[in-house]
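Me: I have a model open on my bench computer and would like a close look at one part of it. Could you walk me through that part and then place it in the rest of the chain?

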Amino acid sequence: MLTTRPRGTSDILPGEVEKWQYLEQVIRNLCREYGYREIRTPIFEHTELFERSVGEATDIVEKEMYTFKDRGNRSISLRPEGTAAVVRAYLENRLYAGPQPVKLYYLGPMFRYDRPQAGRYRQFHQFGVEALGSHDPALDAEVMAMAMDLYSRLGLKEIELHVNSLGCPQCRPVFRERLREFFRERDGVLCRHCRDRLERNPLRILDCKEEGCRGAAQGAPTVLGSLCSPCEDHFRAVLGYLEQLGVPYTVNPCLVRGLDYYNRTAFEVVARDVGAQSSIGGGGRYDGLVEACGGPDVPGIGFASGLERVLLAMERQGISVPSPPGLDVFLVAADEAAREQSLVLVQQLRKSGLAADRDYMGRSLKAQMKFAGKLGVGLVAICGAGELARGAVILRDMRTGIQEEVPLSKLVEEVKLRCTGRKESAPVNGNHAGA
RNA sequence: GUGGAUGUAGCUCAGCUGGUCAGAGCACCAGGCUGUGGACCUGGGGGUCAUGGGUUCGAGUCCCAUCAUCCACCCCA
């Protein structure tokens with residue numbers, strides 16, 4: 001126990017963490033270009049926030065939250081998703097009083113108590129955006145385009161965008177009733193779950209994978225046919241904008257999102273070859289959420305993507321990412337005097353802006369060379385009694401094997417000279433700790 | 001929460017029907033003469049065989065439980 005991490009969590013080690021840093025970099029650039037600014041909210045919130053926003057009857061709230069009492073006897077939950085907290089922060093900090101829309105993004109760990117499997121963990125990471133304050137269908141399209149843009153920047157192929165409209169509080173109940181009637185007539189073929197869903201949430205039946213239910217769903221009324229005219233106009237506009245932007249999509253009338261707060265636009269991004277958890281991102285409009293949280297009637301739309309799944313998709317597609325540069329130079333000492341000298345020297349190099357290191361294992365000169373080779377350092381500075389006496393070191397190019405003696409006064413300059421143009425990135429592929 | 005598979009050195013795995021079965025490759029460390037890496041050679045350290053019970057003269061090897069990992073269901077990112 002002492003040496004095992006909690007189930008469904010992971011250590012991201014050097015060699016792997018560079019991929020995360022790269023992904024985060026791409027995301028931050030993307031957000032900047034789309035006019036989103038970062039928001040950092042707490043990792044835990046009052047449980048009530050999630051119950052009210054995500055929905056009490058959802059799986060997330062019913063069985064997946066990490067909930068506990070703090071020492072003040074308050075019920076606290078680790079955040080299972082990002083939207084609730086952003087909406088809360090929007091209200092608490094009165095961001096609705098400023099210019100709208102407010103475009104925010106977040107990036108960080110989320111927590112759900114679930115049985116881990118490929119692409120699903122108890123602590124996982126999400127990137128998400130939320131745009132609050134606008135009803136404009138163009139914003140719906142922009143959010144989807146932005147999601148697709150991210151995946152394409154990452155080099156992912158065969159990514160599909162599925163879009164649907166869930167209607168609004170005006171038309172959804174009508175549709176829901178029509179669905180109920182439809183399925184009541186054939187509840188004999190429905191699975192046990194779907195018979196429950198019939199009353200609680202008949203939309204879900206459309207999403208069921210059981211054969212009987214799929215059969216029963218054939219010819220079921222579609223949401224799209226039941227939309228009220230404002231919702232229909234909105235949906236048409238969204239699709240129109242997607243076409244204008246050249247974003248390919250599939251209208252999927254069976255698409256239902258698991259969180260209660262969605263209305264109108266709902267979408268999901270699916271990647272093949274990610275295993276059973278093929279959905280790498282999803283989002284939609286949540287026009288009633290801010291008000292439901294006790295704020296003014298402010299609309300919103302957002303999107304979230306699971307970073308583990310994105311990384312998994314990238315890995316399965318053989319996408320390599322550029323790796324950051326390692327050390328510029330490694331100091332090798334041939335004797336005890338030089339060893340002492342190298343401690344000072346390495347620090348001087350660092351103060352000049354170079355990445356430098358030396359041996360701390362009492363290794364022989366040969367072993368130090370070997371170590372430097374393993375680190376993949378391009379340059380090694382070797383010094384011993386002779387060089388020290390002359391106030392110089394030997395600079396060895398580890399690629400060519402060419403080496404020459406340079407005076408200490410020129411070391412920084414020489415190292416910098418040889419480093420430039422050599423830092424072109426190599427792909428990260430190993431899973432093990434590297435330099 | 002349900003189902004299936006798996007659990008032997010840091011990593012990838014051998015170990016047949018229980019009796020030299022505690023191994024290999026890679027990794028790590030040290031050498032291959034006196035101050036130099038990546039190839040090669042030699043040697044070395046390292047495992048309570050997931051944990052705890054049980055069966056047996058004897059168990060990595062059979063049985064049970066627990067834990068963990070992986071995969072799938074439910075659901076979701």
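What is the mean pLDDT of chain A? And in the open sheet of five strands, what is the strand order?

Reply: Happy to help! This is a predicted model, in which local features need pLDDT of at least 70 and side-chain atom pairs count only at pLDDT 80 or more, while totals for chains, interfaces and linings use all residues. Residues are numbered from 1 along each chain as its sequence is written, chains are lettered from A and ligands numbered from 1 in the order written, and side-chain values use heavy atoms, leaving out hydrogens and water.

Chain A has a mean pLDDT of 89 (the predictor's confidence in each residue, from 0 to 100), and 95% of its residues reach 70 or more. Confidence is lowest in strand β18 (residues 427–428), with a mean of 49, and highest in strand β1 (residues 37–38), at 98. The pLDDT is below 50 over residues 429–435, a stretch that has 10 contacts in the model beyond near neighbours in sequence; contact means heavy atoms within 4.5 Å.

Now to your sheet. Its order is β14-β13-β15-β16-β17, with mixed pairing. At the edges, pairing on one side only, are β14 (356–358) and β17 (403–407). On average, neighbouring strands are turned by 30 degrees against each other, direction ignored. Strands here are DSSP runs of E, at least two residues, and helices are runs of H or I, at least four, numbered from the N terminus; two strands pair if DSSP finds at least two bridges between them.

Look next at β13 (residues 329–333), which pairs with β14 in the parallel sense over three bridges. Here L331 stands opposite R358 in β14. Helix α13 (residues 336–351) lies across β13, β14, β15 (379–383) and β16 (392–397), and runs at about 165 degrees to β14. Axes are lines fitted to C-alpha atoms, for helices over the stretch in contact, with angles from 0 to 180 degrees between N-to-C directions.

For the wider setting, chain A is divided into domain 1 (17–171 + 227–321) and domain 2 (323–428), with bounds from an automatic or database assignment. The centres of the two domains, taken over C-alpha atoms, are 48 Å apart.

One last stop is R52, in helix α2 (residues 47–53). R52 and A292 are 240 residues apart in sequence, yet 7.7 Å apart in space, C-alpha to C-alpha.
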